[in-house]
Amino acid sequence: MEVKQITKTQIAVMSVAAGICVANIYYNQPILKDISHNFDVTESDAGIVSVLAQAGYGLGLFFLTPLGDKLNRKKLIIILMLLLAGVLIGTTFVENFFWLCIFSLLTGLMSVAAQVILPMAASMDKINRGRTVGIIFTGILVGILAARVFSGVIAGLFNWRYVYGIAAGMVLLSTIVIYFSLPDIKAAFSGNYANLLSSTLYQLKRFPLLRKTALLGGLVFGIFCSFWTTLTFHLSGSPFNYETDIIGLFGILAIGGALLAPLFGKLADKGNTQRSLLFSVTIVIAGIIAVMIYPFSVVAVTIAVLLIDVGVQATQVTNVATIYTLDETAHSRINTAYMTSYFIGGALGTFAGIKCWQIGGWNMVNWQLVFWGILALTVVLLKKRKKL
């Protein structure tokens, strides 16, 4: 069927719903200590909850999101979100740590509804695709950044179980709105599930631009995750000695930066992707250098948070807008290939950041961030030289 041009209301609904879905992966991070006390396990054991949520999301990215090319996307989104709400309700009342771990894995798995929404939005807007993708992606980013603040506040006012109860309500409400707001779109892929997964991997072989973009996306998200993981250690130590609530305020700054991301989607629509990427990666490196030169300055840390966040988000929005120009019929598979690389980069960045902190503290963390930044800039320049 022919899909009418996407409306502003539909864009807003999809952006908010995507943010609400992906936020569920990150609610656990500020409340791990509460969880450890509730179930009488060590904080290290409680950390498994966070790992399983991320693992579930990774599995969902590869095994579920490609279905967006084979099934009715609206129906797939609704099914995933209803299952997600059920898992969140189960988490609210769970009394056994083993089942909490299972629910965490399932939460990550079902939260990939956000990654079905993103390519659906791209397929619905052929005129201002970059701008629309930028807005949806901003919703996802705000969801990631706001999740920790929301979780900490709700757990502080009530207890950690209320976080998941309220989250279930938000997911259910979003599902109802999606049901009445979004159109049914006929799927383009007619093969079986095995062919679908194989075709997902084939997209990387098929498009050199997708390979380069996936590499760039993984590098800059690696910087993002490495920076934010170690920044908590840096700010909680001397001379700052900040408590968790104060550190959380820097996350609010990051949300402000994420709101600028759609501007770069507009540049992608105008064909200025190379200029946008050069600018965004350069300001990421500038942010790293600022906090490297003045490691104990609150002003420098604030500047670094803003520059790194705006640069990373701008890079990702430009990348996503670019890959959706490759093949209208394979948006979900292309998105899966890109986002899997994106989160692999984030995991490697987190690992590298923690190891560098353990070995050489904040100074070594910054040097490895600069290294990642130079690699990212090299990828951008190679894209320009080869005209990919």
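A salt bridge here is a side-chain nitrogen of Lys or Arg within 4 Å of a carboxyl oxygen of Asp or Glu. With that in hand, let us walk through this predicted model, starting with its charged pairs and moving on to rings and cavities.

## Salt bridges

Side chains of opposite charge can pair when their charged atoms come close. By the rule above, the count comes to four salt bridges. One of them joins D69 and R73, whose closest N and O atoms are 2.8 Å apart. Both D69 and R73 are buried.

D69 has another partner as well: its side chain meets that of R333 in a salt bridge, 2.8 Å from N to O. This pair connects distant parts of the chain, with R333 in helix α15 and D69 in the loop between α3 and α4 (73-93), 264 residues apart. R333 and D69 are both buried.

A further salt bridge brings together the side chains of D327 and R206, again at 2.8 Å, N to O. Here too distant parts of the chain are linked: D327 is in the loop between α14 (298-323) and α15, R206 is in helix α9 (residues 193-206), and their positions lie 121 residues apart in the numbering. What about burial? D327 counts as buried because its relative accessible area is 14%, whereas R206 is partly exposed, at 35%. Through shared partners, salt bridges join D69, R73 and R333 into one network.

A charge also meets a ring in this model: the charged end of K74 sits over the ring of Y179, 5.1 Å from the ring centre.

## Aromatic pairs

How many aromatic pairs does a search of the whole structure find? The search gives 17. Two tilted examples are set side by side below.

| Pair | Centre to centre | Angle between planes |
|---|---|---|
| F224 and W228 | 6.4 Å | 50° |
| F240 and Y242 | 5.5 Å | 45° |

F224 and W228 are separated by about one helical turn, because they are four residues apart in helix α10. F224 is buried, with a relative accessible area of 8%, and W228 is buried too, with a value of 18%. The cut-off for buried is under 20% relative accessible area, so W228 at 18% still falls in that class.

In the F240 and Y242 pair, F240 is buried, with a relative accessible area of 10%. Y242, by contrast, is partly exposed, at 23%.

F224 and W228 also belong to a wider group: together with F137, F221, F227, Y338, Y342 and W362, they form one aromatic cluster.

## An exposed serine

S238 is found in the loop between α10 (208-236) and α11 (244-258). Is S238 buried or exposed? S238 is exposed, because its relative accessible area is 60%, and the cut-off for exposed is over 50%. The C-alpha atoms of S238 and S341 are separated by 36 Å, and these two residues are 103 apart along the chain.

## Cavities

Rolling a probe the size of a water molecule over the atoms shows where empty space is left. In this structure there are two cavities of 30 Å³ or more.

The largest cavity holds about 40 Å³ of space. Its lining is made up of N24, N28, V49, A53, T91, L100, S104, T107 and Y164. The elements that contribute two or more residues to this lining are α3 (43-63) and α5 (97-110). Of these, α5 gives the largest share, three residues. By class, the lining has four nonpolar and five polar residues, and no charged ones.

The second largest cavity holds about 30 Å³. Which residues line the second largest cavity? They are V22, Y57, Q115, F137, I140, L141, I144, M339, Y342 and F343. Two or more of these residues come from each of α7 (129-157) and α15 (331-386). The largest share, four residues, belongs to α7. This lining counts nine nonpolar residues and one polar residue, with no charged residues.

Some residues tie these sections together. F137 and Y342 line the second largest cavity, and F137 and Y342 are also members of the aromatic cluster. Helix α15 gives residues to the lining of that cavity, and α15 also holds R333 of the salt bridge with D69.

Technical notes: Residues are numbered from 1 along each chain as its sequence is written. This is a predicted model: local features need pLDDT of at least 70, side-chain atom pairs count only at pLDDT 80 or more; totals for chains, interfaces and linings use all residues. Side-chain values use heavy atoms; hydrogens and water are left out. On a 1 Å grid over the protein atoms alone, a cavity is a set of points where a 1.4 Å probe fits but cannot get out, and a pocket is an open set with protein on both sides within 12 Å along at least five of seven lines; lining residues have an atom within 4 Å of a point. Grid points are joined across faces, edges and corners, and a volume is the space filled by probe spheres set on the points. Ala, Val, Leu, Ile, Met, Phe, Trp, Tyr, Cys and Pro count as nonpolar, Asp, Glu, Lys and Arg as charged, and the others, Gly among them, as polar. Buried means under 20% relative accessible area, exposed over 50%, partly exposed in between (1.4 Å probe, protein chains only). Rings of Phe, Tyr and Trp (its six-membered ring) pair if their centres lie within 6.5 Å; planes under 30 degrees apart count as stacked, over 60 as edge-to-face and the rest as tilted. A charge sits over a ring if NZ of Lys or CZ of Arg is within 6 Å of the ring centre and within 35 degrees of the ring normal.
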